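This report describes the fold of one protein chain, element by element. The reader is asked to keep the sequence and the model in view while reading.

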Amino acid sequence: MRLMAAGAATKWSFAMTEESAPTILVVDEEPQLLEVVRLLLNRQGYQTLIARSLRGALRIAREHPGRIHLLMVDPFAPEAEDPEIIKHLLASREELRAVILSGAESPHWPGARCLAKPFTPEALLQLVRSSLAGAAGAGVE
């Protein structure tokens, strides 16, 4: 990570290198939501992978060469209620933490943090930061 001055002002921000940037896999069936979340996360220096189904997320998790630090999933996305796909996804990445993009807890994602839709950019980024800060352990929070 390196510090960068923001213009002539005395404000500082962290700029993450691609190697140090946490990677977040976002699963939702709404393409517009995926694009907005991707833009928000990328602007903050995160690497973002997107999938429109849990099966697609599993494929990405198997093929992505680096770590995936956080999974953000709509529990109503295609296949998100299938315990076998969930089990395979979590087993494929033991460091993976999960966040639910819904106002309701999901029985298929026990203990995962929730972010109610619609959410503000600030709420999304706050949850990402707190989830990554607590990512020293593995699995679903």
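## A pair of helices

The structure is a predicted model. In it, the axes of helix H1 (residues 31–43) and helix H4 (residues 121–133) come within 11 Å and cross at roughly 60°. H1 and H4 are therefore oblique to each other. The crossing in which H1 passes H4 is right-handed.

Which residues bring the two helices into contact? Val37, Leu40 and Leu41 on the H1 side meet Pro121, Leu124, Leu125 and Val128 on the H4 side. The residues of this contact divide into 7 nonpolar, no polar and no charged.

## Overall plan of the chain

The protein chain contains 4 helices and 7 strands. Read from the N terminus, its elements follow the order β-β-β-α-β-α-β-α-β-β-α.

The chain has 141 residues, of which 43% count as buried. Among the contacts in the chain with a separation of 6 or more, 64% are between residues 24 or more positions apart.

## The sheet

An open sheet is formed by 5 strands in the order E4-E3-E5-E6-E7, and the pairing is parallel. Its edge strands are E4 (47–51) and E7 (113–114), each of which pairs on one side only.

Two of the pairings can be described in detail. Strand E3 (residues 23–27) pairs with E4 over 5 bridges, in the parallel sense, and here Leu25 stands opposite Leu49 in E4. Strand E5 (residues 70–73) is joined to E6 by 4 bridges, and these strands also run parallel. In this pairing, Val73 stands opposite Ile100 in E6.

Strand E6 (residues 97–100) directs Arg97 and Val99 one way, while Ala98 and Ile100 point the other way. How accessible are these residues of E6: buried or exposed? All of them are buried.

## Helices across the sheet

Helix H2 lies across E3, E4 and E5 and runs at about 135° to E4. Helix H4, already met as the partner of H1, lies across E3, E5, E6 and E7 and runs at about 140° to E5. Both H2 and H4 thus lie across E3 and E5.

## Two residues in context

Thr23 lies in strand E3. A residue counts as buried under 20% relative accessible area. Thr23 has a relative accessible area of 3%, so this residue is buried. Not counting residues up to four places away in sequence, Thr23 touches Gln47, Leu49, His64, Arg67, Ile68, His69 and Leu70.

Where does His69 lie? His69 is found in the loop between helix H2 (54–63) and strand E5. Leaving aside neighbours within four places in sequence, His69 is in contact with Ala21, Pro22, Thr23, Glu95, Leu96, Arg97 and Leu132. One of these partners, Arg97, belongs to strand E6, and another, Thr23, belongs to strand E3.

His69 can also be compared in position with Ser131. The two residues are 62 residues apart in sequence, and their C-alpha atoms are 9.3 Å apart in space.

Methods. Residues are numbered from 1 along each chain as its sequence is written. This is a predicted model: local features need pLDDT of at least 70, side-chain atom pairs count only at pLDDT 80 or more; totals for chains, interfaces and linings use all residues. Side-chain values use heavy atoms; hydrogens and water are left out. Axes are lines fitted to C-alpha atoms, for helices over the stretch in contact, and angles run from 0 to 180 degrees between N-to-C directions. Angles under 35 degrees count as roughly parallel, over 145 as roughly antiparallel, 65 to 115 as roughly perpendicular and the rest as oblique. A crossing is left-handed if the near helix is turned anticlockwise from the far one by less than a right angle, and right-handed if clockwise. Contact means heavy atoms within 4.5 Å. Ala, Val, Leu, Ile, Met, Phe, Trp, Tyr, Cys and Pro count as nonpolar, Asp, Glu, Lys and Arg as charged, and the others, Gly among them, as polar. Buried means under 20% relative accessible area, exposed over 50%, partly exposed in between (1.4 Å probe, protein chains only). Two strands pair if DSSP finds at least two bridges between them.
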